[in-house]
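Visitor: Please give me a close look at one part, the sheet. In what order do its strands come?

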There are 2 protein chains.
Amino acid sequence: MEKKFQAIYDLLAKEIQTEKIKAGQLLPSENELTERFTTSRETVRKALQLLSQNGYIQKLQGKGSVVLEQDKLPLPVSGLTSFKELSRSMSQKVETIVTSLSCKNAHGLIQQVLQCEEGTPVWELHRLRKLDNEAVIYDKDFLLNELAPGLTEEIAGDSIYDYLEKELGLSISYAKKEVVVEEAQAEDKAIMDLGSYQQLVVVRSAVYLEDTTLFQYTESKHRPDKFRFVDFARRTK
Amino acid sequence: MEKKFQAIYDLLAKEIQTEKIKAGQLLPSENELTERFTTSRETVRKALQLLSQNGYIQKLQGKGSVVLEQDKLPLPVSGLTSFKELSRSMSQKVETIVTSLSCKNAHGLIQQVLQCEEGTPVWELHRLRKLDNEAVIYDKDFLLNELAPGLTEEIAGDSIYDYLEKELGLSISYAKKEVVVEEAQAEDKAIMDLGSYQQLVVVRSAVYLEDTTLFQYTESKHRPDKFRFVDFARRTK
DNA sequence: TAGCATAACTTGTATATACAAGTTATGCAA
DNA sequence: TTGCATAACTTGTATATACAAGTTATGCTA
C-alpha cells in the first residue's frame, strides 16, 4: 500500500498539473483535506510540505495554500526565443544513439570519479542525442557494473533510470551537479553537429543511491544554443 | 525566541560545516537528540528533514543519519581547473561597481517581466562585478520601488538581500531561475572584459516574497570561463 | 454609517503515543 | 565454533491534542 501522505501529494500534484485547481486559487484548508482523505492533519501537512518544496504551492499563514504558476518565468528580456522553442520542442523528434558501450576495469580518472577500487568493473557508455536530426548533446556515463550487470544497448537507448528502478529495484536518492562552459574537444567536434560553436555547456553529475553509494558519474555536453536549465529553489539559508 | 527545530538545525548544520561531525559518521540517534535538546522526536525529525533537504545528511532507515561530504563533486575529467580556481577564489578580490541606479515607470518589457501595472515605479539597477580586476559579471536588476523605496548606491553595492531582510523585514521565500547561453550584445562587449568571448552565460531569475509577490527580476550575464553553477538535488519525482 | 473589537477561520509549532520496517548485536542451540 | 532466531536498537508512518500566530468575516457600538 502506498504511503498516505505520498498518495495525497500525488493526487493534489496531478490536480494542479491538469489545472483542475488553477494558479492563484487556494487549496482546500488542511482541515478540509483531513476530512476528505479521512486522515490526520499532520499527514496532510506532510503532503503539502512536498508540494511546497516542489514549487506547486506557497503556504500563507492564516490564509491557506495558494497554487503557484507552473514554471512560467516571466518573458526573457531580449527577443531571443530559441531556448523557449527548445523547451516546447521536448515533444519534437528526439533520437538517442548509443555510440559505445563497454565494460572496463576502473583506473586513473574513471576510478577517481567513481570513487571505487582500482580494477573494479565499470560500464562506460557514450550516447549522442539528436534533436530534430542535429547531434547537439553528447553524454558520457560511467556506472558501477556490479549494480547494473545486465546493461545492454537497447536499455541504454531508453531511460537507464527506468531500468534501474523498475527492473533492478534500485532507487536513486540524490545527485550533485555542476554546470560549466568549456572548449569543445576534438572528439566533440568530430561527433557532434557543432557548426561554428567552439564552446560547450558541460553538466557533470554524480548520482547516488539511497545507501549513499555513488552509482553513476555523467558528463553531458550541450551545444550552447540548445541548452536550458530551469530551477525552482526555496530558501532555507 | 527562535523556533526549536530551526535552532537544532542551525546547530547541527554548523557542527557539520566545521567538521565537528565528519563526513561518513553517524549523527546521534533521534532519541538521543531528543534527550539532548529536551524536546520531542518529531521536532528533532523536522530539523533532520531540513539537513537532508540541504544535502548535509542522508537518512538510512534502521541505521541512522550519515553525514555527507560537502559539495565534493568528484574530480573533473579534463585537466581544466579554471572554474575550480574561481570557486576557491570566492575569498579573492571581488569588487562591485554600480554603473546605474534609476527609478523608472514600468512599461513594455519591464512591466512584463515584473508583472506589474503600467506606470508602476520600479528600480533599474546595473552592476558590474569584477573578479581580480576583470569585469566578468554584469547584472541587471529590476525591483518594485514600493517595496524598497530607500535604495541607494551604497546599499546596491553591498548585498541587497541583507538590506531587504534586516532593514525592511521583507523575507525572500523562493525563486525561479533559468540558465541559458546567448550572444554577447554590443553593450555587454563595451562594459565587460570579454576578450575574445562572443557568448555569455545568462541567468535570469525571478525572486518572490512570502506572499508570492514577484519582487525582483534579475538578468545576470557571466563570462563563460568564470561561470560555475553547483547544485544538490533530491528526488521526489 | 463608520469604526472597531471579536469571533471564527486559516497555518505554524510542539508534544505524546503507537506501531511498522529495516539493521545490528546478543545469545542460545546444534 | 557456527548458524540462526531474537532482542534491541535504528528510522518511517500515522494519529491526536494543544496552543500560538496570522487573516478574514461578523456584528456590535458609537
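Guide: pLDDT is the predictor's confidence in each residue, from 0 to 100. This is a predicted model, where local features need pLDDT of at least 70 and side-chain atom pairs 80 or more, while totals for chains, interfaces and linings use all residues. Residues count from 1 along each chain as written, chains are lettered from A and ligands numbered from 1 in written order, and side-chain values use heavy atoms, without hydrogens or water.

Chain A has a mean pLDDT of 86, with 90% of its residues at 70 or more. Residues 75-91 of chain A stay under 50. The model has 28 contacts (heavy atoms within 4.5 Å) beyond four places in sequence for that stretch. Where pLDDT is low, predicted coordinates should not be read in detail.

Now the sheet. Seven strands (DSSP E runs of at least two residues; helices are H or I runs of at least four; both numbered from the N terminus) form it, and it is open. The order is S3(A)-S4(A)-S5(A)-S8(A)-S7(A)-S6(A)-S9(B), with antiparallel pairing (at least two DSSP bridges between strands). S3 (94-105) of chain A and S9 (229-234) of chain B are the edge strands, each pairing on one side only. From one strand to the next, the twist averages 15° (axes are lines fitted to C-alpha atoms, for helices over the stretch in contact; angles run from 0 to 180 degrees between N-to-C directions).

Start at the S3(A) edge. Eleven bridges join S3(A) to S4(A), residues 121-131, in the antiparallel sense. There, Asn105(A) stands opposite Pro121(A) of S4(A). Helix H7(A), residues 160-167, packs on the sheet. H7(A) touches S4, S5 (134-144), S6 (172-183), S7 (199-209) and S8 (214-222) of chain A. Its direction makes about 165° with that of S6(A).

The sheet takes a strand from chain B, and the two chains match. Chain A lies on chain B with an RMSD of 0.0 Å (least squares on C-alpha atoms of residues with pLDDT of at least 70 in both) after a turn of 180° and a shift of 0.0 Å along the axis. The copies are thus related as by a two-fold rotation axis. In chain A, 98% of the interface residues are interface residues in chain B too, so the copies meet through the same surface.
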